[in-house]
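Me: I have a few short questions about this predicted model. Please keep the answers brisk.

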Amino acid sequence: MLGTKLKSSRNITVILVILSLVLPALFMMEQYWNWYVSSETVEEDVSHSEIVSKDFLRTFLDAGYVLYNLENREGQDAEKTKLILRENSGEMASYERLYPFLDYRVKDEDGKDIAKSTADSEQTVRENNLSSFALGMVITYDEYGNIDVQIEEGEYKAEQSIAFREIISEYDSDWAVDIFNEETGEWETIRLEKPKNRTYIYAMTKENLETYIGNCGYTFNYVAETMVDLFVLLILVVAVLAWLLPVLPVWYQKDMKILRAPLEVTVLVFCVMTAILGENLWWIAARAAGRADFVDFIIWTFVFAVTFWAATCLRQVYTLGVGTYLKERTLCVRYWQYIRKAWIYIVGKIREWIGQCYHFIDRIDLSEKSNQTIFKIVAVNFIVLALICSMWIGGLFLLGIYSAVLFWLLRKYFNELQEKYAVLFKATGEIAKGNLDVEIVEDLGIFSPFKQEIQKIQTGFKKAVDEEVKSQRMKTELITNVSHDLKTPLTAIITYVNLLKDEKDETKREDYIEVLERKSLRLKVLIEDLFEVSKASSKNITLNIVDVDVVNLFKQVKLELEDKITEADLDFRCSYPDEKVTALLDSQKTYRVFENLLVNIIKYAMPHTRVYIEILKEGEEAVVRMKNVSAAELAFNAEELTERFVRGDASRNTEGSGLGLAIVKSFVELQKGRFKIETEADLFKVEVRFKIQLTNAVFSHMI
């Protein structure tokens, strides 16, 4: 008895399910013919309104202008004209859409054919055979360009004639296009010619007319919304039946495995089915000209079966409870730990990518050209926005997220920028107060180049301070040395003058006078050297530039100092070039340079040693090198020897003003030469370089 009852319940359930699927399918199929007939009626109305519209009819007038301006133009001229029309005229675009479907013939005032064309029709258009076309008209332009239109064939001739009258009255016959003249580099306005003495015969077959109207978007499916409304209604009805039928006492309650599908699978299958169906709904109804067949029955039965199955699966939310259903029927809850790990991994990658983008902006080098950097930023933003825009409605949601993330990044970047600016501002403030040892340890990001520049400024300021300290020290030493060097001969002069006053012995008086003469000459030399250095340092000196034979001038100086060289017991080893070495120099100042250098060697070279002199030509320079062994230990900075009143002997026991090498350096540099001193152990080396040929600018400056 129980088995019979279960079998009966199963049969009733099967019958109810079949009815729930078949009845909506049959009802859907029964509406095919009504939809198809309604769509044709609507399309006819739309086609009629478009064929008599001004936009459609104006296209034929535009075609006349295009054809007239393309007459007798071939090859590049025709292509250039088409390009001008295409880029600067919407009428050309209208003509190009119409051209593939248009039959036309063009005649001049004598009735001779100028041009003709056939689209896809099998017959040539003529004035006497327009009745074989769905649309035929003759447009005539007289010698003044006035337009006359005759509609010869068409279903709506009267309406089209009325529309043409209005079009002609308001038609703009002044066609002008602006083109860029590459030769002149300016824009030029070119006015197209108005058709004159021309007759244009236009015709379109029924097939071409319908295709053109359809391609232009004039035929619309106004029935689709009704179909969608009914489809959605039947989907809801089947879903409600899937929820309510199991409540009946006769319903077979066995829980089959197919009804245990996870929530995600159920939703995905249903959404994919409705999406595919929505794109092809009208095609299904119009596939067989509004007549349903067995294939349609299978399609709709399957559609409603999927709907019934999806609704039955979702009904288990009610039977199991929300908590149990989510736990047993959703993949997200079942595999939550794996999804969570994947989510953490993806979020980490996204954060890493955002960090890279952020630091990419933060590491921009402002010293480089900005075009490439700006292009990268714009390109990344373009790609992101393009991806978002491709997602349609979902893209709006992503756009909101993207805007929020962008706001967060910009705010974070701006705050950090302010902090880095504050660090930079504080450091510059400390430097302005005189604290040159301030150190910036923070990462300044985009301001890193400024950090490096500030370090350079600190180094420069420290160098300037050191130079100033050195200058102050040198000034102090200068005063001390000048006082000492002037005071020594002056004291001797005063002493011997006093002795001379009281001395009666004539022999001693002559000795005193000799000493006074020597000391006064010493004082004179000292004052003259000081005067020369002062003038050279202030550039207040006049050079008499002539061609100077460097080798002969040096030999002359050496010859005049030969007695002192012999007295100093020095062995001079000189090396002279075979060729003559001449340079544009001041002979007097150059003589003084060589004299001071040789005197310096005589004073400070170790006796019984060799002195090496080398004069040669290197490229465009005359080079003089001198090397000697110093009698005293060279425990000082060689560069300081060229300062004023500096001597090789710190005790200042030797005679001399201490200005010799300073004068050499000044006179060499005034003549645009180079002077260099080097020391190696006790070896003292000097090098002087003069340019053999000076430029006109330098020469005029010296003169």
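Me: Which helix holds Leu 26?
Reply: The helix in question covers residues 2-30. Leu 26 falls within that run. The helix is α1.

Me: Is Leu 26 buried, partly exposed or exposed?
Reply: Its relative accessible area is 42%. Buried means under 20%, and exposed means over 50%. Leu 26 sits in between, so the term is partly exposed.

Me: How much accessible area does the nonpolar patch with Leu 26 have?
Reply: The patch is on the surface. Ile 15, Leu 19, Leu 23 and Leu 26 form it. Together they have about 360 Å².

Me: Now the sheet. Which are the edge strands of the open sheet β9-β11-β12-β14-β13?
Reply: This sheet has 5 strands, and the pairing is mixed. An edge strand here pairs on one side only. That holds for residues 571-575 and 674-680, which are β9 and β13.

Me: What is the bridge partner of Arg 573 in β11?
Reply: β9 pairs with β11 (residues 610-618) in the parallel sense, over 5 bridges. In β11, Arg 573 is matched with Tyr 612.

Me: Which helix touches β9, β11, β12, β13 and β14?
Reply: Helix α20 (residues 550-560) lies across β9, β11 and β12, at about 160° to β11. The helix asked for spans residues 587-604 and packs on the sheet. Its direction makes about 15° with that of β12. This helix is α22.

Definitions and conventions: Residues are numbered from 1 along each chain as its sequence is written. This is a predicted model: local features need pLDDT of at least 70, side-chain atom pairs count only at pLDDT 80 or more; totals for chains, interfaces and linings use all residues. Side-chain values use heavy atoms; hydrogens and water are left out. Patches are made of residues with over 30% relative accessible area and no salt bridge: like charges are joined within 9 Å, nonpolar side chains (Val, Leu, Ile, Met, Phe, Trp, Tyr) within 5 Å. Accessible areas come from the Shrake-Rupley method with a 1.4 Å probe; for residues, only the protein chains shown count as cover. A salt bridge is a side-chain nitrogen of Lys or Arg within 4 Å of a carboxyl oxygen of Asp or Glu. Helices (H or I, at least four residues) and strands (E, at least two) are DSSP runs, numbered from the N terminus. Buried means under 20% relative accessible area, exposed over 50%, partly exposed in between (1.4 Å probe, protein chains only). Two strands pair if DSSP finds at least two bridges between them. Contact means heavy atoms within 4.5 Å. Axes are lines fitted to C-alpha atoms, for helices over the stretch in contact, and angles run from 0 to 180 degrees between N-to-C directions.
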